[in-house]
Amino acid sequence: MSETYATVGQEDTAVGGVIIIAMSILAAVLVIAGLAYATGTSARHKGALAAAQCEPNLSPSGLQCTTVAMLTSQYMAIMNPAMQQLNTDAAACTANEGHHLAAAESALTAIVAAEHALDTKLAGFPFSPTVARTAKALIQANQALATLAAEQARSSSLPQLRSFNPRVDVASAAVQTEMTLVRKALAVPPTASQEP
Amino acid sequence: MATTREPHAPYLAGGYQPKRRAVRSRVDEWMDKDFKFGDSHIKRKAVALILLGAPALAPLFFMAPAFFTMNKNTFSGSVDDTLGTGAAICLFLCLLVSPMAMLTGQHWFVPLRRWFGIMMAASAFGDAIAAGLTDTFEGGFLGVVAGHVFELMGFMIVMLLIPLVITSNHWAQRKLGRYWKRLQQLTYVTWILLGFHLILLEGVGFERGDNGSGFAGDGDPIFHQRFYQYGACSLFLLTLRLQPVKRWIAARQREGREWLVWVTIAPIFALFVFGMTFFINEQIFKGIDSFRETPSSE
């Protein structure tokens, strides 16, 4: 009787043995295939960079250079949330500038902070030499707008606050112009929040 | 009447002591001993557990500067890569504990299972909340966290993690009794859902245009597919949970042929390490970018 059960026990573990050996063979094949594929990484990388116009850059990922697509993607990751924030704050300012000085000033203070944060990020952005000059102009235009907004935020009355609007419009237009140039240089499609 | 346990009877009766038992108890006993540090006595196990468990804090550590400065840009840019990847790593490490205990016969590191589970939940909660507040999808918080199918999978994982975390303590274990283990088996559901989350996140495992993380532009879409990495890690964890495989391993260990077990599982373990390398690489590079508040969208 015990022989019978011993046989059952052996069959029991035999199934496990078949499974684990099958999985091991599969895993071994996958590891070898993965390693073989990995040996071609450098060639594929170079090919992709050549096809996608390589931009000299010290990428944090350790890549020797960054493609235009990668740069564009990084730029959008900075600009999209910043523009969203600025549009929200600007809308809050416009909504309050007719009747609520403190709220309008608070919105302007938020705009100034957002502009400064954006400037810092743009200053640290690895623009390629061909775009760097336009990007610098964008940062300067943005700084001018931030300075004006900071002055506007210190207004003592609503009429005084609104008196800044024509100058703010001119400064905003300058920022928009520079942004358009940077977008074109990086081939970034305009988003809803960036369209004038 | 003979029972099906008859072939194992000598072992169960204590007449046969496999070598593994002795080795296991020696390591566990060694880990249970104190060592003197200054005026205090510290358990070796405690130090080892802290050293092994500390890396699970990395995802939260990487996001801490963005949290303290409320940097929306960093959260929207890389919270999913930092906390989401961290949660996946913690899940795999949590699932790794039981197979390793079975293979080595050691149990001193079993407390790490709970720790990695809790840290997985913390990372997943942080990911879901931050993504819900900062992602640009339409539909408000709920629309962001559950508006797309892949996000719905992530949302379901987070929902399942709530009871798992609440009951991950001795008090709940005592109160729930035999139902506790069944409840904790929901971890396996989160494991499956993570697979769906990743496969739907990146073009059902195939790169199509800019659909998939291979869009980073380095020409290696296959190595960027998180679902493949998930599969590589899961094969080992799944295989060693299958009952026939467990029986086969136990039988070889009883025979004193542990070398055969190690040789057989070596390729599956190598595949696990291969997959984990990509997750850890992603965690380190994206995490450092997040820590420096210069989120990478690669």
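**Two chains, mostly helices: a walk through the model**

Let me start with chain B, where buried residues make up 45% of the 298 residues. Keep in mind that this is a predicted model. Chain B has 15 helices and two strands. Its accessible surface is about 15,200 Å², and carbon and sulfur atoms account for 68% of that. Now take the contacts in chain B between residues at least 6 apart in sequence. Of those, 65% join residues at least 24 apart.

Chain A next. It holds seven helices and two strands. Read from the N terminus, the order is α-α-β-β-α-α-α-α-α. Chain A has 196 residues, and 39% of them count as buried. The accessible surface comes to about 10,200 Å², with 64% belonging to carbon and sulfur atoms. What about contacts between residues at least 6 apart in sequence in chain A? There, 62% join residues at least 24 apart.

One residue to look at in chain A is Asn87(A). Find it in helix H3, residues 68-96. Is Asn87(A) buried, exposed or partly exposed? Its relative accessibility is 36%, so it counts as partly exposed: that value lies between the 20% and 50% cut-offs. Now look across to Ile111(A). In sequence, Asn87(A) and Ile111(A) are 24 residues apart. In space, their C-alpha atoms are 8.9 Å apart.

Back to chain B, and to helix packing. Two packed helices are described by the angle between their axes and the distance between the axes. I have two pairs to show you.

The first pair is H5(B) and H6(B). H5(B) covers residues 72-104, and H6(B) covers residues 111-134. Their axes come within 8 Å and cross at roughly 160°. That angle is over 145 degrees, so H5(B) is roughly antiparallel to H6(B). The crossing is left-handed. Who takes part, by class? The contact of H5(B) with H6(B) has 16 nonpolar, eight polar and four charged residues.

Stay on H6(B) for a moment, because Ala122(B) sits in that helix. With a relative accessible area of 26%, Ala122(B) is partly exposed. How far is Ala122(B) from Leu83(B), in sequence and in space? The two are 39 residues apart in sequence and 8.8 Å apart in space, C-alpha to C-alpha.

Now walk back to the loop between helix H4 (58-68) and H5(B). Met70(B) is in that loop. Its phi is near 50°, a positive value in a residue other than glycine. For background, most residues other than glycine have a negative phi. Is Met70(B) buried or exposed? Met70(B) has a relative accessible area of 59%, which is over 50%, so this residue is exposed.

The second pair is H13(B), residues 226-239, and H15(B), residues 258-291. Again the axes come within 8 Å, and here they cross at roughly 140°. That value is not over 145 degrees, and it is above the 65 to 115 range, so H13(B) and H15(B) are oblique to each other. H13(B) passes H15(B) in a left-handed crossing. Which residues meet? From H13(B), the list includes Tyr230(B), Cys233(B), Phe236(B) and Leu237(B). From H15(B), it includes Ile268(B), Phe269(B), Phe272(B), Met276(B) and Phe279(B). Charged residues are there too, among them Arg226(B) in H13(B), and Glu282(B) and Lys286(B) in H15(B). By class, the contact residues divide into 14 nonpolar, three polar and three charged.

One last stop: Thr190(B). It is found in helix H11, residues 186-201. Is Thr190(B) buried or exposed? Thr190(B) has 1% relative accessibility, which is under 20%, so it counts as buried. What is Thr190(B) in contact with, leaving aside neighbours within four places in sequence? The partners are Leu91(B), Met120(B), Ile157(B), Leu160(B), Leu161(B) and Leu164(B). By class, those partners are nonpolar. Two of these link back to the first pair: Leu91(B) falls in H5(B), residues 72-104, and Met120(B) falls in H6(B), residues 111-134.

Conventions
Residues numbered from 1 in each chain as written. Chains lettered and ligands numbered in written order. Predicted model: local features only at pLDDT ≥ 70, side-chain atom pairs only at ≥ 80, totals over all residues. Heavy atoms only, no water. Helix = DSSP H or I, 4+ residues; strand = E, 2+ residues; numbered from the N terminus. Buried < 20%, exposed > 50% of the residue type's maximum accessible area, 1.4 Å probe, protein only. Contact = heavy atoms within 4.5 Å. Areas by Shrake-Rupley, 256 points an atom, 1.4 Å probe, with all protein chains shown as cover. Axes fitted to C-alpha atoms, helices over the stretch in contact; angles between N-to-C directions. Parallel < 35°, antiparallel > 145°, perpendicular 65-115°, else oblique. Left-handed = near helix turned anticlockwise from the far one by under 90°.
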